[in-house]
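What follows walks through a structure from one strand outward to the whole chain and its partner. Please keep the sequence and the 3D view open while reading.

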Amino acid sequence: MLDLTKYSSLGEAIREALETWPKEVCLYESDRGEEKQRLTYTDFKERALPLAKWLQETGFAAGDRVSIIMTNQSKWLISAYAIFYCGGTLIPLDYKLKPEEQWKLLKHSGATFLITEYPIWRQLSASAGRAEADKVKTALVTEAPANVELAGATRWEAARGNGQPEFIPRKREDLACIVYSSGTGGTPKGCMMTHENYLEQCVALTSWYPFWPGVKYLSILPTNHAIDFMVGFIGPFTCGAAVVHLRTLRPEYVREAFPQYEITYVSLVPLVLKNLQKGLQARFDELPAGKRRAFELLRKINVALTKSRPRLRLSRLLLKQVHQAFGGKIETIIVGGAFTEPQTLQFFYDLGIPVANGYGLTEAGTAVTVNDLKPFRADTVGKPLPGMEVRILNPSADGVGQVAVRSRTVMAGYLDEPELTAETIVDGWLMTGDMGRFDPSGHLQLFGRKKNMIVTEEGKNVYAEDIEQAFEGLPVKEYCVFAANYVWPSQSMVGEKLVLVIHLDRGQTYTEELRKEIATRNSRLMNYKRIHGVVLYEEDFPLTASLKIIRLSLANRLRKLPREAAILPV
Amino acid sequence: MRTLEQTTQEILELATRHFKVAAGSLKAEDDFYRKLGIDSLQALEMLSRLENHFRIELPDYEVQGVSDFKTLAERVQSRL
């Protein structure tokens, strides 16, 4: 990989990469199993520089803000590089948001340029929100059909200037991106990320999970998300590796892509990982008895042999069919965006597929801790990455306190929110709002968010998310544990209770059998961790784009239910 | 050539069978996420079923943000 300490900006580092690996493939684009495009680093450069030149001819200046709202595809990365080449600041926005929300963020970000895809532009240009974001002067639209009217936008494919654009250098402390974290706290906040933040994060991550020419990363999480931006763009591009984009993201095409491209790394959110687990388990269960026994034996052998560290080659031989379904070259599945249940992580590790779970937040420049696989630990979120100082503030008797992070990867602050920034970054330490503790081997364990917790009369702190694991696999559509006082605020510091909120499957009723199942699981918990009651909620839980439950929003909705009547006894 | 009504009806029947719900319980205006209680991954599977049935391709962008059968039927109809 490149020695990133030598570069002062993402544009400079990627420019060097394009010269270092001219013939390596950097992008594959496939649609419904059919490869549509394959670009080398030279091809990439030849597509990005005319766009950079066009931007400069259009009056683009250093520091100008450009938003990209696109699905995962080659033009996303080509555009991003052109922006960095011109010294611009990138605003990656979630393509899944509603047009009104996108305009709201465009306005908030101060973007003057927008690069998007035709289907998204069709909705954006028709939205009433456009009038408010009047600073957005130029819109570039990819893949528009030949004869359509573009409502004031320019075709991306036609935005090509002639001649060499001027490379605009940036300093490490200059803004590279403003990232709107989907977060679970409600209002989106614009995290100001510097070039230094990304360069340092890239060095830290690739020191544990390296990329090299020939690596193929399957990009499924949206590229606007901090994880994919790092491991599906900056990481591979500064190491000569390749990124695979799928234009139709359906489970069957994702499955096909693994063997088709012999994928090395992929990032997933826990929901998808769990789904994968369910699918695999169903296939194992269908095996005839004899084969099943043989498979279980091989799995046990693999578990015994990989206890202290992963042994990929051995696992690939032992559990050949499983590994072949993943293309036979998978090194690690990266999982992030939300807390992953240990049982799911262990399931994959036992099959010889390490899962790099970790803990991070956009504000900290993505990952803070990651599982180092030495040995694999499903019950923690790993150790701090190199360069990360992690402290537990005001720990209780059992060592749990708020997690604070200091690192060169921590954001410069929230855009236009000096007070919020001052509350969040105190003396250089980022207050994460998450509760955790270190175990004796230096692994971080998390115990929920700061406020959705109860303090028992014995002085024990109990975190709602911690309790959720006890209800893993409960036969309901979705569930969530809340501190009742978090949902229905009370002035009292005594008598705090936990409640289990469940959303039943279609056609399902709250039967005595289900109640007993909950009661049985509850009884297995230490008494101070037990839930006090069940709340039936009839609507879908609000989820972020990365499929995390938006707890605050769900709590606000639940608050409308009368507390006493809503909580059913278990 | 099917009419929009026929297309809608066929989609409702397909969803009824695929998700095993009572016949006649789905309506064109229904939000399929809520009515069927499905997640985004299950919705993607339903799209693949529709593509096979109508022998069309529904690009992801065509169905981005669509959550009711009526709009889905319109998007399918425009590709028949």
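**From one strand to the assembly**

Five of the seven residues of strand β1 in chain A are buried, so β1(A) is largely enclosed by the rest of the structure. Burial here is a count: a residue is buried if 20 or more other C-beta atoms lie within 10 Å of its own. The model is a predicted one, and every value below is computed from it.

The enclosure of β1(A) can be followed through its neighbours. Strand β2(A) is joined to β1(A) by six bridges, and the two run antiparallel. Within this pairing, Val25(A) has Thr40(A) of β2(A) as its bridge partner. The hairpin that β1(A) and β2(A) make has two residues between the strands, and in it Arg32(A) adopts a positive phi near 50°. Strand β11(A), residues 242-246, is linked to β1(A), residues 25-31, by four bridges, and these strands run parallel. Opposite Leu27(A), in β11(A), stands Val243(A).

These pairings belong to an open sheet of nine strands in chain A, with the order β2-β1-β11-β10-β12-β13-β14-β15-β16 and mixed pairing. Its edges are β2 (34-40) and β16 (383-384) of chain A, each of which pairs on one side only. In a regular strand, side chains alternate between the two faces of the sheet.

Two helices can be placed against this sheet. Helix α2(A), residues 41-57, packs on the sheet and touches β1 and β2 of chain A, with its direction at about 85° to that of β2(A). Helix α7(A), residues 226-237, lies across β1, β10, β11, β12, β13 and β15 of chain A, and runs at about 155° to β10(A).

The loop between β10 and α7 of chain A contains Ile220(A). Is Ile220(A) buried or exposed? Neither term applies: Ile220(A) is partly exposed, because it has 19 other C-beta atoms within 10 Å, and the threshold for a buried residue is 20 or more. Beyond its neighbours within four places in sequence, the contacts of Ile220(A) are Leu249(A), Val254(A), Val266(A), Ser267(A) and Leu268(A). Between the C-alpha atoms of Ile220(A) and Arg247(A), which are 27 residues apart along the chain, the separation is 9.8 Å.

At the level of the whole chain, chain A has 19 helices and 28 strands. Its C-alpha atoms fill a box of roughly 70 × 60 × 50 Å along the principal axes. A compact globule of 570 residues would have a radius of gyration near 25 Å, and the 24 Å of chain A therefore agrees with that expectation. Buried residues make up 47% of the 570 in chain A. Of the contacts in chain A with a separation of 6 or more, 67% are between residues 24 or more positions apart.

Chain A also meets chain B: 13 residues of chain A are in contact with 14 residues of chain B. On the chain A side, the residues that touch chain B comprise three nonpolar, three polar and seven charged.

In chain B, helix α3(B) covers residues 40-54; at 1.5 Å a residue its 15 residues should span 21 Å, and its end C-alpha atoms are 21 Å apart, which agrees. Arg55(B), just after α3(B), takes a positive phi of about 55°.

Key. Residues are numbered from 1 along each chain as its sequence is written. Chains are lettered from A and ligands numbered from 1 in the order in which they are written. This is a predicted model: local features need pLDDT of at least 70, side-chain atom pairs count only at pLDDT 80 or more; totals for chains, interfaces and linings use all residues. Two strands pair if DSSP finds at least two bridges between them. Two residues are in contact if their C-beta atoms, placed from the backbone, lie within 7 Å. Axes are lines fitted to C-alpha atoms, for helices over the stretch in contact, and angles run from 0 to 180 degrees between N-to-C directions. The radius of gyration is taken over C-alpha atoms; the globule rule is 2.2 Å times the number of residues to the power 0.38. A residue is buried if 20 or more other C-beta atoms lie within 10 Å of its own, exposed if 12 or fewer, and partly exposed in between; C-beta atoms are placed from the backbone. The expected span of a helix is 1.5 Å times one less than its number of residues. Ala, Val, Leu, Ile, Met, Phe, Trp, Tyr, Cys and Pro count as nonpolar, Asp, Glu, Lys and Arg as charged, and the others, Gly among them, as polar.
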